[in-house]
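Grab a coffee and work through these exercises with the structure open beside you. Try each task before you read its solution.

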Amino acid sequence: MAGFLIKSAWLIPLLPLIGAGLAALGPKRTRLESHIPVIAGIGLAFLVSLGALLAASPEAKVFVGSWLTITNFDTPLEFRVDGLTTVMLSMVTFVSTLVAVFAAGYMKGDPGYSRFFALIGLFVFSMTGLVLSNHFVLTYVFWEGVGVCSYLLIGFWYTRPTAAAAAMKAFLVNRMGDFGFAIAIFWMWTIAPGNDLSYDTILSTGMLETTPHYAIVGIALLLFWAATAKSAQIPLYVWLPDAMEGPTPVSALIHAATMVTAGVYLIARSTPLLVYAPGVQLLVAITGCATALLSAAIAVTQTDLKRVLAYSTVSQLGYMFMALGAGVGDVAQLAVVAAIFHLFTHAFFKALLFLAAGSVMHAMGDVIDMRRFGGLRHRLPITCATFAVGGLALAGIFPLAGFFSKDEILLALGTAAHVSEDAGWVYGLIYWLALFTAFLTAFYTARAFFWTFWGPEKLPSADDPGAPPVDHDAQAHGGDHHDAHGHGHDIGHESPPIMTYPLIALAACTILIGVVCLGSWPFGGPSEWFAHKIEAMLWFEQLEGGEHGFAWGTAFLGTLAGLAGIGLGYKLYAEPNPIPGDLAKRFKPLYEASLSKFKVDEFYDIIVVRPIRRLAILCEFLDDYLVDQLVLGTARLPRWLGKNLLARYQNGLLQSYAALSALTVVALLLILMLF
Amino acid sequence: MATLLVITILIPLIAGLATALAPGLDRDQARKIALGAVVVTLGLSLVLLVGFRPEIRGPQFAFQTLDGHYGWAWIAKTDIRVAFGLDGLSLWLFVLTSLLMITAVCSSWESVSDRAPQYYGFLLALQTGLLGLFASLDVVLFYVFFEFTLIPLFFLIGLWGGPKRKKAAVTFFLYTLAGSLLTLLGVISLVAVNYLYSRGHVLTFSIPELTSGLAVVQWDDWYKTNSWTSPQVLIFLLLFAGFAIKVPMFPFHTWLPLAHVEAPTAGSIVLAGVLLKVGTYGLMRFNLAMTPLGSAALFPLIATLAVAGVIYGALAALAQTDVKRLVAYSSVSHMGFIVLGIFAMNATGLDGAVIQQINHGLTTGALFACVGMIYDRYHTRQLADLGGLWSRLPVLALFLMLAAMGSAAVPLLCGFTGEFPILAGAFETSPRSAVLAATGMILGAAYLLWMLRKLLFGPLKEPHGHTTDATNGHHPAVAPVGWYEIAGLSPLMILIVLIGVYPRPFLNQSKLAVVDLVETLPQSAVASAPARLDPARARSLDQNDRTPVLSASVATAPAASLGDRR
């Protein structure tokens, strides 16, 4: 049975792909009702994933065929069905199914309906392929594949210039990461025996112990560089907030729950390699911490509900990297488990929050600026309740899913501070900064929740001070996709069941995961059930592990930080009051820095974008006025000579040139024949 | 099959002559004859493709005399022969030529009305030139076709081109002619070296015989590469002159944007799709195969030029405001990749280069066809004048998107299957140049996405006089995408996806030719570079045979490697 369940893993990417194919190219009926084949494909893939999850073992893999075969090198289409992969797979397919169901309601009436679902199917294909791959080249293939799907989905409403800009930015920033990934692969290529780049070989102790240290450090750094792009970490996080230009289900699925976790997955997968480079691990932890703190600090002042959630995603991904970076010494096993556990729980509650935000947006006629609505708890009761569950989980409040996973990460950081010999104090500092970030997280979540759902009721109207004039522009330019998903109905009503049921399901899961953890708590560690699944990961036994029990102190501090944040959020935002405005005035520089996102985009524009543009213009200029002239000048030399020496033959007639060249050939041949 | 190959090569020429010279043909008849001829040629090329046996060494479909010579005697006394045949290096280029000609004819369907019979005549003559070139097994025959291709293209640009067509045509012609004369000198020197120093003074012009003969000539100086005047280095440079201009390699590329902008769409398709490959094909066939030591000695120079071309071409593309110039500069960048792959001097890079030639032909051919479709409708190619065409021409948007993504080497589309091995092979030989060239991946995505964003995304923006505004009935509506445009581009799109998704059969056909070519290369030069990278690697090399395929075939190779005979 187990063998059968593992062998059918190849169906997991295939089924969504078939769904996408039917949605895009199928008969007219499936194109009109394109959500049906895609939801069915992803749903079935989820069932197969569950089977694989039950049967997963570190050694299990499925060989499907060979893909790119060249003289010295073979890329097998081979899938690894271990614990890490199947946990990711179940999460990805489950969340995708619910998001697709939600989108069937949300995208109703959009002219690009079938394109949307075809792309969603294609995305799930790429994402499942990415986590199933057992080979670095194949991982790279799907790694870029998810990037392309993300590009096409961010730019889904292609008539909007902002969407076009965001899509391009996302793709290019991701390409910069891919560049590092590609170099890492080439480097592995030169050191791997038999050019074998499968996980079995590259991550094995035998391989790693014979590889020179600088190569391991280099490869680890390059892989981490790639991960910072996909998982939106400093310095390459800038694309993710802009990616919110895509339809909200896309933000929920790709830019919160699944694709952005690919970098975390890659580093978790490569942890056997990373433990040979503790310096890189420290860098991972520091980067994660800095990203988490920075983006949380930005999130506290944003007024666009989706942007708050986007920065929150960046921040939570930073948390996962902090955990992975803490995997020094015998914390290694705990670090991987903590990071993947948080990745898993985060996917549920963040997808939930985004979909709830989408539901708000749907009800508000595409308005997402929190200044323009408020007090929606009566009008949108289900959305409000489910958002509350997601928010509490994000804030890390007992006993929801987020509490346990955040606690694990803090535990890993705290342990690393004791274990690490050289950098213990750094991990200690990161631990306290992580706690502070937890406080900020709870605060901005509470702020978003109370501002949207509490206080006196307020619906958006056209004469709001914050109402963007963009709408009129779009109409003037004949943008035929204005109000693109055709919300023809009146605003202010709860979303239809096809949208609220996924919300309820995700909220239920968020609670359920907490309850499952609670079952084994506090004896033997809160996430034991989950940990056992992840421990069935390739080369996991190769990592060092030790006993790390539940730490009451950490749990207490974490909860305290969460409650303090929520309390502050309630105090400032539950009722309209002047305190936030006063605070903003009193800490004006800080407030404005946060509001303007610390001007990072502008900074990149100055140090990267503009220099490249200038260089490009310089090249263009050089080409016209230097290279061309130089070559033409050389070409004129014979003409000048000709004018003075061979003017008779230089008559400018093409025929004589041709004749001349033919004559030359003949002459040379004659010379040859004579000798 | 030997006859079939000759027929395939000659059909376009015959049809072309008939079209151009027949009295009283109108445009419709001419284009139908042309389409018929290219379809038949493609059909026959596909028959050859199916009949090709990848497991056989050396040229196939070649007429062979009893004493083992290829082809029929042409100039008897010197043994210059008319010999055609295809091997793994030329097979795909041959098929690509036949395929792109369909796109070229289809893209001219409506846009060419002036002197159409002559236009199609030149186009078909150009096809024979290219097919003959790739199938030539004799250096003189190769050279004749090499020069011959210039003539039809010269007239296509000069007569049917844009406003500056005269200047473009003359620049193009003189530029390439200058280079090819040096190449001729190089080719003749090769023949002379082989004649003077081979055992028994063999005077041969046959490409296969020269390749094997030159590897074992009894002349000590031939194997020295210590100075610029060493024979192999010198001959390499002579050969290189013509091919580098054709490719075109930085800094000899300036004729290309000019020629492309002025050329009619079909001219651009063939020029970028096939004619540039004449350069890389020559580099493989002559420079790499016949002067391998020269190639190894000059690797630093060639790699520098190639990498400079990759980056410089991409940056220049980024600065363009005319979309056709943008695509032209993208060719400079992408051809740099191919040259880098060829001179990586290992099977990985060469495999990538062979398939990348095809990929580049498909994607760039498609991009030029799309640009032509836009120009036919709006009579502008300025990015600033256009926008949001996705809403107006969704089929064009799909084509353009696929071609651009394929060109940007997105996995599961064709570009990746070439670019990735090229960079991997180059990394083995010279990590620095591979890393620098890989930045071209980012820049390449940058200008292609920029182009897509300008042309397809955003609110619809069309030049004045091309709106379908109901209030103004004077202006003709923008023509929807026609059947001939779909017919011309669909095969390219299918292949762009197919090569990306299932590259094996495509790589398989050229595998043996690549292995044979790599065998003749100086292995020490290749092996030394990665050792520099990683001292501890020597150990792992001993434990694991890294190139099982190669070593196996060395044992059975009929033409032994350099070291054995010397």
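**Exercise 1.** Find which helices the buried residues of H11(A) pack against.

*Solution.* Keep in mind that this is a predicted model.
- Start by locating the helix: H11 of chain A covers residues 213-230, 18 residues in total.
- Check its length next. From first C-alpha to last it reaches 26 Å, close to the 26 Å expected at 1.5 Å a residue.
- Now pick out the buried residues, which include Ile216(A), Ile219(A), Leu223(A), Trp225(A) and Lys230(A).
- Look at what surrounds them: the buried residues of H11(A) pack against H7 (136-154), H8 (161-191), H10 (205-210), H14 (262-269), H15 (271-274) and H16 (278-299), each of them in chain A.
- Finally, step just past the end of H11(A), where Ala232(A) has a positive phi of about 55 degrees.

**Exercise 2.** Work out how E1 and E2 of chain A are paired and connected.

*Solution.*
- Take E1(A) at residues 61-70 and E2(A) at residues 73-80; the two strands run antiparallel, with seven bridges between them.
- Follow the chain from one to the other: it makes a hairpin through two residues.
- For one facing pair, go to Thr69(A), which sits opposite Asp74(A) of E2(A).

**Exercise 3.** Say which residues touch the most other members of the largest nonpolar core.

*Solution.*
- The core has 464 residues, and the ones to mark are Met322(A), Ala351(A) and Leu413(A).
- Ask which helix gives the most to this core: H18 of chain A (residues 332-363) does, with 24 residues.
- Zoom in on Met322(A). Beyond its neighbours within four places in sequence, its contacts include Ala285(A), Cys289(A), Ile409(A), Leu413(A) and Ile430(A).

**Exercise 4.** Decide whether Ile496(B) is buried or exposed, and find what it touches.

*Solution.*
- Place the residue first: Ile496(B) belongs to helix H20 (residues 483-501) of chain B.
- Count neighbours. Ile496(B) has 24 C-beta neighbours inside 10 Å, and the cut-off is 20 or more, so Ile496(B) is buried.
- List contacts more than four places away in sequence; among them are Leu362(B), Leu402(B), Gly406(B) and Cys414(B).
- Take the Cys414(B) contact further: 82 residues separate it from Ile496(B) along the chain, yet their C-alpha atoms are 5.0 Å apart.

**Exercise 5.** Describe the side of chain B that touches chain A.

*Solution.*
- Count both sides: 65 residues of chain B are in contact with 58 of chain A.
- On the chain B side, helix H19 (residues 431-455) gives the most, with 10 residues.
- Sort that side by residue type and you get 43 nonpolar, 12 polar and 10 charged.

Conventions. Residues numbered from 1 in each chain as written. Chains lettered and ligands numbered in written order. Predicted model: local features only at pLDDT ≥ 70, side-chain atom pairs only at ≥ 80, totals over all residues. Core = buried A, V, L, I, M, F, W, Y, C linked by C-beta atoms within 7 Å. Buried ≥ 20, exposed ≤ 12 C-beta atoms within 10 Å, placed from the backbone. Helix = DSSP H or I, 4+ residues; strand = E, 2+ residues; numbered from the N terminus. Contact = placed C-beta atoms within 7 Å. Nonpolar A, V, L, I, M, F, W, Y, C, P; charged D, E, K, R; others polar. Pairing = 2+ DSSP bridges. Expected span 1.5 Å × (residues − 1).
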